[in-house]
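Subject: Structure handover

Dear colleague,

I am passing on the structure we spoke about, and I would be glad if you could read the notes below alongside it.

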Amino acid sequence: MSSEELQYVLALQHIPNLGDTLAKKLIRHFGSAKNVLQQKKQDLLKIDGIGGYRLREFFDASHLKAAEEELKFIEKNQIKVLYFKDQDYPDKLKHCIDGPVVFFQRGNINLKNQKIISVVGTRKITQSGVAFCEKFIEELSPLNPVIVSGFAYGVDITAQRAAVANNLQNIGCLAHGLDQIYPKVHQKYVASVEENGGFFTDFWSSDDFDRNNFLKRNRIIAGLSEATVVIESAEKGGSLVTADIANSYNREVFAVPGRPSDKLSKGCNDLIKSQKAHLLNSAADLVYMLNWQPEESAKPVQKQLFVELDEEENNVLDFLQKEGKAQLDSIAINCNFPSYKTAGILINMELKGVVRPLPGKLFELI
């Protein structure tokens, strides 16, 4: 995309009351953002969804002027621009009707053919929540997923620090422009995130910081990933909004259950109770539901010399040592476990580097 066309795209994004959905619709109809802004009012009014209210400030020259200034910031700071018609625009976000017409990137991000999950939750995370989040991401690390979150306090930064610790690509979706970092105390994590990941935002450097920005950016967190995981949430909160958005995109949602008396488990328990989220007890639950398989190009799962197995895993181990290879159903019958539970046990053992899957639902010891 040329600098001229980008300026017109930015100008469209700058128009109040237009929004990403209609902006993309107009660009598709007229062929380019420049063509859109050169249309006469009567031609624009022929487009479904465009009324006088939408066009009230449409022809104001200040939009192109503001776009020119933002373009200078983009070029000066070598910001990568992701335009909804370009090939490098994230695939999953392309399927979201309200995905940004254009947004901005810092860092080293590669989302092609990647497993991507979003991890969200309360800003007042408990020690139990921290422990679960860190263990969850560590257990997922052999599958090399991309971890997406909001870079805020609590669950967000816990997930992103855990991703860095496990050498996983991770993305912070910001509720402000790329000229700043909020909260400022998280500035110390920026370099480590950008080494293997980076930051996304659809806010400009000139945009005012507003609490409502957090709700807007949640659609990007939900839209980038194939599943959203909620780790601790009160009865109301931004993470529940993210879960609702993910459901509206027909993406999977998972929630970590807690005691009914725990205030920060209320939101998760309600998601599960209302069937808006799958119950998540461990990484194995997510891997099973999403049918993830390790890739040879990803970090290999290697057998460890000393592996702690629970009683159920030892039963499966003993059976496979006798049989060599066996199908999931055969393992379930002989170990006297339900098939769904056996699948979870095998995934845990796979993540521990004890078994590996074979074609035809076969499993063998490594």
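What follows is a short account of the whole chain, then of one sheet, one surface patch and one helix residue.

Please keep in mind that this is a predicted model, in which local features need pLDDT of at least 70 and side-chain atom pairs count only at pLDDT 80 or more, whereas totals for chains, interfaces and linings use all residues. Residues are numbered from 1 along each chain as its sequence is written, and side-chain values use heavy atoms, with hydrogens and water left out.

The secondary structure comes to 16 helices and 12 strands, taken as DSSP runs numbered from the N terminus (helices H or I with at least four residues, strands E with at least two). The C-alpha trace spans about 75 × 40 × 40 Å along its principal axes, and 51% of the 366 residues count as buried, where buried means under 20% relative accessible area, exposed over 50%, and partly exposed in between (1.4 Å probe, protein chains only). Among contacts (heavy atoms within 4.5 Å) with a separation of 6 or more, 71% are between residues 24 or more positions apart.

One open sheet has three strands in the order 10-12-11, with antiparallel pairing, two strands being paired if DSSP finds at least two bridges between them. Its edge strands, strand 10 (325-327) and strand 11 (355-358), each pair on one side only. Four bridges join strand 11 to strand 12 (residues 362-365), and Val355 stands opposite Leu365 in strand 12. Helix 16 (residues 339-351) packs on this sheet, touching strand 11 and strand 12, and its direction makes about 115° with that of strand 11; the axes are lines fitted to C-alpha atoms, for helices over the stretch in contact, with angles from 0 to 180 degrees between N-to-C directions.

On the surface, Tyr153, Tyr182, Val185 and Phe209 form a nonpolar patch with about 340 Å² of accessible area together. Tyr182 lies in the loop between strand 5 (170-173) and helix 9 (190-195), and Tyr182 counts as partly exposed because its relative accessible area is 31%.

Ile245, in helix 11 (residues 238-248), counts as buried because its relative accessible area is 17%. Leaving aside neighbours within four places in sequence, Ile245 is in contact with Asn218, Arg219 and Ala222, while the C-alpha atoms of Ile245 and Asn113 are separated by 23 Å.

With best regards

How values were computed
Patch = residues over 30% accessible without salt bridge, like charges linked within 9 Å, V, L, I, M, F, W, Y side chains within 5 Å. Areas by Shrake-Rupley, 256 points an atom, 1.4 Å probe, with all protein chains shown as cover. Salt bridge = Lys/Arg side-chain N within 4 Å of Asp/Glu carboxyl O.
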